[in-house]
Amino acid sequence: MERTLIGELSGKVGQEVTIFGVADVRRDQGKMVFFDFRDRSGKVQGVVLPNSPAMDVAKETTIESSVRVSGIVNKRPEKNVVAGKQNGDIELEIQGIEIVGKAEVLPFEPDAELNLDTHLDNLPLTLRTERSRAIFKVQSEIIGAYREFLTKEGFREFQAPKLIGDDAEGSGEVFEVPYFYDKTAHLATSPQLYKQIMVGVFERVFCAGIVFRAEKHATTRHLNEYTSLDMEMGFIEDHHDLMNMETKLMRHITDHLRATCADEFAILGADIPKVPEEIPFMKLREAQELIKKETGADKTNEPDLEPEDERWLCEWAAKERGSDFIFVTHYPVAKRPMYTMEDENDKGFTKSFDLLFRGIEITTGGQRRHDYQNLIDGIKMKGLNPDQFSYYLQAFKYGMPPHGGWGMGLERLTAKFLNLANVKEAALFPRDINRIDTRLSEN
RNA sequence: GCGGUCGUAGCUCAACUGGUUAGAGCACUCGCCUGUCACGCGAGAGGUUGCGGGUUCAAGUCCCGUCGACCGCGCCA
């Protein structure tokens with residue numbers, strides 16, 4: 001018999017149907033057995049009545065088993081209607097169950113509160129929980145909204161290489177790949193140089209892909225492999241064009257989530273933030289002065305904000321400006337990569353920005369050096385050898401428009417949208433220095 | 001890499017200043033249950049307290065080492 005999706009059952013009252021799904025819950029009452037079944041479209045209750053031919057199979061149908069279930073869609077008696085629940089007014093009177101993928105007894109109850117360690121060691125199972133499904137549906141919708149917005153703004157998506165010749169930017173630790181005969185190769189820490197090259201090709205480009213960082217960090221906000229939402233655009237005036245674009249992007253993403261993921265945010269007890277007409281922004285030095293004035297902590301000689309400063313500044317922005325977001329601009333030249341443009345009106349500081357969201361840095365961006373000689377000066381100033389960048393430099397040798405862009409951490413963004421304590425909860429299969437698919441590498 | 005906290009049943013957690021046979025809820029097994037929706041009720045089984053050493057009449061508890069996890073920091077997205 002043809003498959004009916006669970007989400008379509010409410011229109012089939014009185015009909016005989018077959019659903020394909022997973023046994024989500026079993027409530028065995030002896031002479032009667034109730035199930036909740038789930039498929040990709042939702043959940044429905046099934047009931048095996050006394051003396052049903054399906055009773056024997058029902059008794060041995062374990063939670064998480066994949067099944068094909070045939071039965072009749074019935075309206076529930078008035079007193080058994082559960083308001084506000086999908087299919088709460090109907091149920092499937094089960095006539096046959098076929099177990100097509102039997103599950104063994106689970107090591108823990110579905111939807112139990114697990115320690116992060118237990119969750120991560122059992123991902124093939126724990127990713128099936130309602131909570132995990134909610135997190136990764138939201139993440140998937142974020143990527144979809146990102147792609148939709150930038151495409152509409154005239155950006156062209158491209159794939160950046162992950163195997164690269166040099167660590168190029170000189171920022172962050174890189175994984176070495178010992179394969180190529182006569183060259184050192186690495187895993188890309190960013191698509192940075194390639195997306196700049198692609199500005200010369202398409203003017204506006206973006207990519208959403210995995211990047212690799214070999215830092216031996218152990219924090220709630222770092223991964224050794226994460227998804228970078230990158231973009232780069234030509235013919236900008238300065239970094240404010242980028243900040244304005246990102247403001248519009250965040251508004252688009254939050255509107256999209258409101259339309260598609262309200263249930264998932266409710267499951268996780270999280271709020272979708274409002275994006276103000278203008279996200280507040282200030283220079284790094286202004287932020288440091290503010291922190292000094294308000295808290296007494298003098299960090300005005302620091303080249304960057306510490307995590308505790310980022311948290312404080314976000315609380316300030318939320319309270320004083322009603323925004324979950326705040327831009328910090330003008331980091332010192334010494335603190336930023338060689339391609340970052342210095343502000344001609346504020347020497348020693350760059351036309352760069354970070355976007356902070358709910359206490360953490362989710363984006364770094366800025367205007368780039370687009371003049372050939374100016375870029376070579378930038379490379380030399382960092383103590384790097386321009387010859388090593390000749391491939392990249394060719395783009396500039398033959399003319400590049402003023403341009404800039406950003407890189408955004410998808411897992412951080414997801415984690416902060418959903419108030420997750422650790423970014424590893426927002427990565428399907430997170431890699432860190434002690435963990436790569438633990439269960440698979442055991443034995 | 002450094003600092004802090006922790007490691008007790010399959011899971012989540014108890015066990016006061018060291019003190020008799022290490023407990024609970026859920027899961028599991030058996031029995032009962034014709035309207036449950038985290039079904040319920042009764043009974044049962046389940047532990048080398050991460051591992052190694054030490055102090056003590058006595059160690060889950062104190063000390064040393066080791067392995068592991070989580071949190072914070074550096075670095076970053």
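Helices here are DSSP runs of H or I with at least four residues, strands are E runs of at least two, and both are numbered from the N terminus. With that settled, I counted 13 helices and 16 strands in chain A. Note to self: this is a predicted model.

**Overall layout**

I checked the extent first: the C-alpha trace of chain A spans about 85 × 60 × 40 Å along its principal axes. Of its 443 residues, 36% count as buried. I also looked at contacts with a separation of 6 or more, and residues 24 or more positions apart account for 65% of them.

The domain assignment splits chain A into domain 1 (6-101) and domain 2 (120-441). I get 46 Å between the C-alpha centres of the two.

**RNA strand B**

Which residues come nearest to RNA strand B? I found G30, H217, P307, G409 and N434, out of 56 residues around the strand. By type, the residues of this surface divide into 20 nonpolar, 18 polar and 18 charged.

I then went through the elements behind the surface. Those that supply at least two residues each include strand 1 (16-28), strand 3 (42-48) and helix 2 (116-121). Further along the chain, helix 9 (307-321), strand 15 (360-367), strand 16 (403-409) and helix 12 (410-417) do so as well.

**Nonpolar cores**

The largest nonpolar core has 74 residues, and Y146, F325, I326, F327, V328 and L356 touch the most other members. Helix 4 (residues 130-152) gives this core its largest share, 7 residues. I followed Y146 outward: leaving aside neighbours within four places in sequence, Y146 is in contact with A208, L229 and I253. Another core, of 18 residues, lies apart from the largest one, and I19, V48, V67 and L92 are among its members.

**Helix 11**

I wanted to know which residues of helix 11 (residues 390-397) are buried. They are Y392, A395 and F396. Looking down the helix axis, I see the buried residues of helix 11 fall within an arc of 95°, so they line one face. That fits the usual geometry: an α-helix has 3.6 residues a turn, so residues three or four places apart point the same way.

On the other side of helix 11, I noted S390, Y391, Q394 and K397 as exposed. What covers the buried residues? The cover includes helix 5 (192-202) and helix 10 (372-381). Last item: G399, just after helix 11, takes a positive phi of about 90°.

How values were computed: Residues are numbered from 1 along each chain as its sequence is written. Chains are lettered from A and ligands numbered from 1 in the order in which they are written. This is a predicted model: local features need pLDDT of at least 70, side-chain atom pairs count only at pLDDT 80 or more; totals for chains, interfaces and linings use all residues. A residue is near a molecule or strand if its C-beta atom, placed from the backbone, lies within 6 Å of it. Ala, Val, Leu, Ile, Met, Phe, Trp, Tyr, Cys and Pro count as nonpolar, Asp, Glu, Lys and Arg as charged, and the others, Gly among them, as polar. Domain bounds come from an automatic or database domain assignment. A nonpolar core is a set of buried Ala, Val, Leu, Ile, Met, Phe, Trp, Tyr and Cys residues joined through C-beta atoms within 7 Å. A residue is buried if 20 or more other C-beta atoms lie within 10 Å of its own, exposed if 12 or fewer, and partly exposed in between; C-beta atoms are placed from the backbone. Two residues are in contact if their C-beta atoms, placed from the backbone, lie within 7 Å. The arc is that of the directions from the helix axis to the C-beta atoms.
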